[in-house]
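Me: I'm new to this structure and would love a close look at one part of it. Could you take your time and link that part to its surroundings?

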Amino acid sequence: KREHHFTDDDYRDLQLVALGTLADIMPLKDENRIMVRCGMAALNKRALPGIQELLVKLELDGRRIGATEVGWKICPAINSAGRMGHPDEAAALLLEEDPREREKRAAAVKKMNDERKDLGEQIWPVVEPLAAESLDEFDGKLVLASGEDIYRGISGIMANRLVGRFKVPALVVSFGEKIATGSLRSARGYDLRGLLDQCADLFIDWGGHNFAAGFSLDRKDWDTFRDRLKKAARSIELEAERPEETVTVDAELPQAYMTPDVFNLVDRFEPYGEENDPLIFMAKGLRVTDLSFMGKVEVKHVKLTLDAGKHKWPAVYWQAAEKVPRDFALNDAVDVVFTAGRNFFNGIETPQLVIKDLRRSAG
């Protein structure tokens, strides 16, 4: 067994290393994995001042914090301060020594995070139709949404969402009085540098990497920039879209192994994220003993209980309501591909399966 020779001070600092590494979606392997794993262990043992107050505001206090909670809840909350124009608030939260002041700053960061979410919901109905209209203009290779009512701080979030919607690189640009500021996100293996290099002389400032970038330019150069984008789009080569997602199963579990002991294995491979995907299992012949539907506005998701003999597992199957009863129904025996997760509700943590695919068992 190898020992990691970190001091107590190192473990405190490694919490910030873990947050930064996960926020930047860095590969979770080699020394990155060791540092993030140690940082997460320290965070769960005793979160740093500032982070602890934020955990309370985000209703994560008392929970086991994994890479998912950091990447989807904690880091976006900290980042929201910068997106809403007050990055100093997040820094002050982590530097503040007075507990009462930390409480106030955590509340301020939580409020900015809520505002950022609300802003996204307001701006998406503006951004999505603009992007759809632009698709033909850019030969189906790129989408663009621009305007004065697009808030600069969430242009990157909107570009990410457009990539998910249209499956092509996306550009979202906010117009200020004199300056246009844009965020660009890639899709299907396209290297953004090829596009940005063709426009570099127009930029006041630009930076980023192959798959995410930002820039600013003078508004008087906007038409020139848009013309260049049209020409550049013709030569964009995108990898073919996969007609359906393929799932690689790491292991098939006999029903006798389908107990919460599986977490001894799952937890050993944490943290999961970039270049370290969650373990995916398969199990056959589980019985659906309970089935109900979920959805705030409309029924979209399915909640199941699956009987594996020794243990009955709660399970969720997102976006699967339409598959009932076509592909499976109550009392069916089913073969399931899943990840093992934990559900936290009313202060109680319970093991649950997150289903990737499910079908009736043969025979």
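Is Asp 290 buried, partly exposed or exposed, and what is its relative accessible area?

Reply: Happy to take a look with you. Please keep in mind that this is a predicted model. Asp 290 is partly exposed, with a relative accessible area of 42%. That value falls in the range between the two cut-offs, because buried means under 20% and exposed means over 50%.

Let's place the residue first. Asp 290 belongs to strand 7, and strand 7 covers residues 281–294. Setting aside neighbours within four places in sequence, the contacts of Asp 290 are Lys 303, Leu 304, Thr 305 and Leu 330. One of these partners, Thr 305, is 15 residues away in sequence, yet the two C-alpha atoms are 4.9 Å apart in space.

The loop between helix 10 (262–268) and strand 7 is worth a stop too. Pro 271 lies in that loop, and a cis peptide bond joins Glu 270 to Pro 271, with omega at about 0°. A cis peptide bond also joins Val 324 and Pro 325, again with omega at about 0°. Pro 325 sits in the loop between strand 9 (312–317) and strand 10 (333–345).

For a contrast with Asp 290, try Val 173 in strand 2 (residues 170–175). Val 173 is buried, with a relative accessible area of 0%. Not counting residues within four places in sequence, Val 173 is in contact with several residues, including Leu 144, Ala 145, Ser 146, Ile 150, Thr 181, Phe 215 and Trp 222. Phe 215 is 42 residues from Val 173 along the chain, and their C-alpha atoms are separated by 9.2 Å.

Ser 146, one of those partners, is part of strand 1 (residues 143–147). Ser 146 counts as buried because its relative accessibility is 17%, and the cut-off for buried is under 20%. Beyond its neighbours up to four places away in sequence, Ser 146 touches Leu 130, Val 173, Phe 175, Trp 222 and Arg 226. Trp 222 is therefore a contact of Ser 146 and also of Val 173, with contact meaning heavy atoms within 4.5 Å.

Another buried serine is Ser 155, at 3% relative accessibility. Ser 155 lies in helix 7, which spans residues 155–166. Its side chain makes a polar contact of 2.8 Å with the side chain of Ser 183. A polar atom of the Ser 155 side chain also lies 3.1 Å from the backbone oxygen of Arg 152. Leaving out residues up to four places away in sequence, Ser 155 touches Val 172 and Ser 183.

Just past helix 7, the loop leading to strand 2 holds Lys 167. Phi of Lys 167 is near 60°, a positive value in a residue other than glycine. Like Asp 290, which is partly exposed, Lys 167 is partly exposed, here with a relative accessible area of 37%. Glu 59 has a phi near 60° as well, again a positive value in a residue other than glycine. Glu 59 is found in the loop between helix 3 and helix 4, and at 68% relative accessibility it counts as exposed.

Those two helices bring us to helix 5 (residues 87–95), whose buried residues are Ala 90, Ala 92 and Leu 93. Why do they fall on the same side of helix 5? They cover an arc of only 160° around the axis, so they share that side. The buried residues of helix 5 pack against helix 3 (51–57), helix 4 (67–83) and helix 6 (99–137).

Finally, let's step back to the whole chain. Its secondary structure comes to 10 helices and 11 strands, and its C-alpha trace spans about 70 × 55 × 40 Å along the principal axes. Of the 363 residues, 42% are buried. Among contacts with a separation of 6 or more, 61% are between residues 24 or more positions apart. The accessible surface comes to about 20600 Å², and carbon and sulfur atoms account for 48% of it. Asp 290 was our starting point, and the chain as a whole has 61 negative and 52 positive side chains. The centres of those two sets lie 3 Å apart.

Note on methods: Residues numbered from 1 in each chain as written. Predicted model: local features only at pLDDT ≥ 70, side-chain atom pairs only at ≥ 80, totals over all residues. Heavy atoms only, no water. Helix = DSSP H or I, 4+ residues; strand = E, 2+ residues; numbered from the N terminus. Buried < 20%, exposed > 50% of the residue type's maximum accessible area, 1.4 Å probe, protein only. Areas by Shrake-Rupley, 256 points an atom, 1.4 Å probe, with all protein chains shown as cover. Lys, Arg positive; Asp, Glu negative; His and termini not counted. Charge placed at Lys NZ, Arg CZ, Asp CG, Glu CD. Arc of directions from axis to C-beta. Polar contact = N/O pair within 3.5 Å; in protein donor to acceptor, adjacent residues only side chain to side chain.
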